[in-house]
Amino acid sequence: TYELANQQLPGAIYQQAAFSDLGELAAIYKPKFSNPFFIIGAALAAIIVDLAAVIGLYNVGWVAFYLLIIPILAIIWAVNSLRACNLRVYIFTNGFIHARGKSGEAVRWDQIQAIWEKVTRSRYSSTFLYTVQRSDGKVFRQGSPLVNCRDMGVRMMREVTKVHLPAAKAAYNAGQTLTFGPVNVTMQGLNNGKEMVPWDQIGRITLQQGKFGFEKEGRTLTLSSVKTADIPNLSVLIALVNSVVQGQK
């Protein structure tokens with residue numbers, strides 16, 4: 001997130017926000033490296049230094065094969081950074097704008113049909129991808145390498161929950177089956193089309209290693225083959241389940 005003090009929106013973004021009635025600017029998210037000349041220069045510098053080291057070691061009789069991979073890694077980093085360098089996500093009180101350069105597309109919170117969160121974890125870091133589907137079918141993807149993209153995703157999911165949760169509660173109370181991708185919510189419990197977890201076995205939802213599960217009295221249950229990344233509006237599902245469980249106490 002970037003401080004909003006003294007931030008001046010590009011003219012096209014400002015007009016788009018006003019036309020779509022997005023309200024006040026709340027946050028701006030952009031990549032750590034947004035200057036293409038810096039990205040290219042840094043990659044070239046890394047390659048030159050690496051090749052100089054390889055030549056220097058070769059002249060003294062050493063062969064460091066592991067150094068040969070550095071130019072490949074530098075090129076991959078540069079390509080990925082260049083692809084994202086002009087990406088901006090502007091968060092407003094009533095929606096957001098996904099922009100490339102100085103123009104983009106506006107999405108109001110009440111226009112979002114679904115949002116997915118995909119988390120990829122490694123030993124040293126985690127990457128996040130948020131896929132937003134607008135009610136007209138248009139899809140927007142944003143996440144890493146935007147700085148603090150997790151914060152951005154949490155903001156989006158919180159607003160989507162505010163919009164969708166009241167209708168979800170009403171549908172559940174009316175006895176309807178609600179479908180969140182591979183997970184169905186019914187008056188009997190949750191199921192994936194093959195197996196059912198009744199409400200009396202559900203305490204709280206657990207999200208571990210990308211799997212969707214439940215915990216109650218120290219016992220953890222999961223719906224087999226259900227991954228959190230495949231569940232649209234996961235935050236709405238969690239809020240709905242918590243509401244049902246609280247109502248049964």
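**Notebook: strands, sheets and pockets**

I started in a strand pair and found Tyr 130 standing opposite Gln 142 in strand 7. I note here that the model is predicted. Strand 6 and strand 7 run antiparallel and are joined by five bridges. They form a hairpin, with four residues between the two strands. I checked the turn and found that Gly 137 has a positive phi of about 95 degrees.

I then followed strand 6 (126-134) to its other partner. Strand 5 pairs with strand 6 over nine bridges, again in the antiparallel sense. Which residue of strand 6 stands opposite Trp 116? I found Thr 131 there. The link from strand 5 to strand 6 is a hairpin through four residues.

**Confidence**

I looked up how far to trust the coordinates. The mean pLDDT of the protein chain is 87. I also noted that 92% of its residues reach 70 or more. Which elements mark the two ends of the scale? Helix 4 has the highest mean pLDDT, 96, and strand 14 the lowest, 75. Where pLDDT is low, the predicted coordinates should not be read in detail.

**The sheet of strands 1 to 4**

I moved to an open sheet of four strands, in the order 1-2-3-4 with antiparallel pairing. Its edge strands are strand 1 (25-29) and strand 4 (103-108), and each pairs on one side only. From one strand to the next, the twist averages 20 degrees. I asked which helix packs on this sheet. Helix 1, residues 11-19, does so and touches strand 2, strand 3 and strand 4. The direction of helix 1 makes about 20 degrees with that of strand 4.

I took one pair from this sheet for a closer look. Strand 1 and strand 2 (residues 87-92) are antiparallel and share four bridges. In that pair, Leu 25 stands opposite Phe 92 of strand 2.

**The sheet of strands 8 to 11**

Next I traced another open sheet of four strands, ordered 8-9-10-11 and paired antiparallel. Strand 8 (178-180) and strand 11 (196-198) are at the edges with a single partner strand each, so one side of each has no neighbour in the sheet. I read an average turn of 20 degrees between neighbouring strands, direction ignored. Helix 5 (residues 234-247) packs on this sheet and touches strand 8, strand 9 and strand 10. Its direction makes about 140 degrees with that of strand 8.

How many bridges join strand 10 to strand 11? I found three, and the two strands run antiparallel. Gly 189 has Pro 198 in strand 11 as its bridge partner.

**Pockets**

I turned to empty space. The largest pocket has a volume of about 430 Å³. I noted 21 lining residues, and the closest to the centre are Val 119, Gln 209, Gly 210, Lys 211 and Thr 228. Which element gives the largest share of this lining? Strand 14 does, with six residues. Strand 5 (112-121), helix 4 (149-173), strand 14 (219-227) and helix 5 each supply at least two residues. By class, I recorded eight nonpolar, seven polar and six charged residues. I keep in mind that strand 14 is the element with the lowest mean pLDDT.

The second largest pocket holds about 310 Å³ of space. It is lined by 15 residues. Nearest its centre I found Arg 83, Leu 129, Gly 143, Ser 144 and Pro 145. Helix 3 (69-84), strand 5, strand 6 and strand 7 (139-143) each give this lining at least two residues. Five of its lining residues are nonpolar, six are polar and four are charged.

**Backbone exceptions**

Last, I checked the backbone for unusual geometry. Most residues other than glycine have a negative phi, and most peptide bonds are trans. Is the bond joining Ser 144 and Pro 145 cis or trans? I found a cis peptide bond, with omega about 15 degrees. Pro 145 sits in the loop between strand 7 and helix 4. Ser 144 and Pro 145 are also among the residues nearest the centre of the second largest pocket.

Two residues that are not glycine caught my eye. Asp 21 has a positive phi of about 55 degrees. I placed Asp 21 in the loop between helix 1 and strand 1. Asn 233 also has a positive phi of about 55 degrees. Asn 233 lies in the loop between strand 14 and helix 5.

Note on methods:
Residues numbered from 1 in each chain as written. Predicted model: local features only at pLDDT ≥ 70, side-chain atom pairs only at ≥ 80, totals over all residues. Heavy atoms only, no water. Pairing = 2+ DSSP bridges. Axes fitted to C-alpha atoms, helices over the stretch in contact; angles between N-to-C directions. Contact = heavy atoms within 4.5 Å. 1 Å grid on protein atoms, 1.4 Å probe; cavity = no way out; pocket = protein on both sides within 12 Å on 5 of 7 lines; lining within 4 Å. Points joined across faces, edges and corners; volume = space filled by probe spheres on them. Nonpolar A, V, L, I, M, F, W, Y, C, P; charged D, E, K, R; others polar. pLDDT = per-residue confidence, 0-100.
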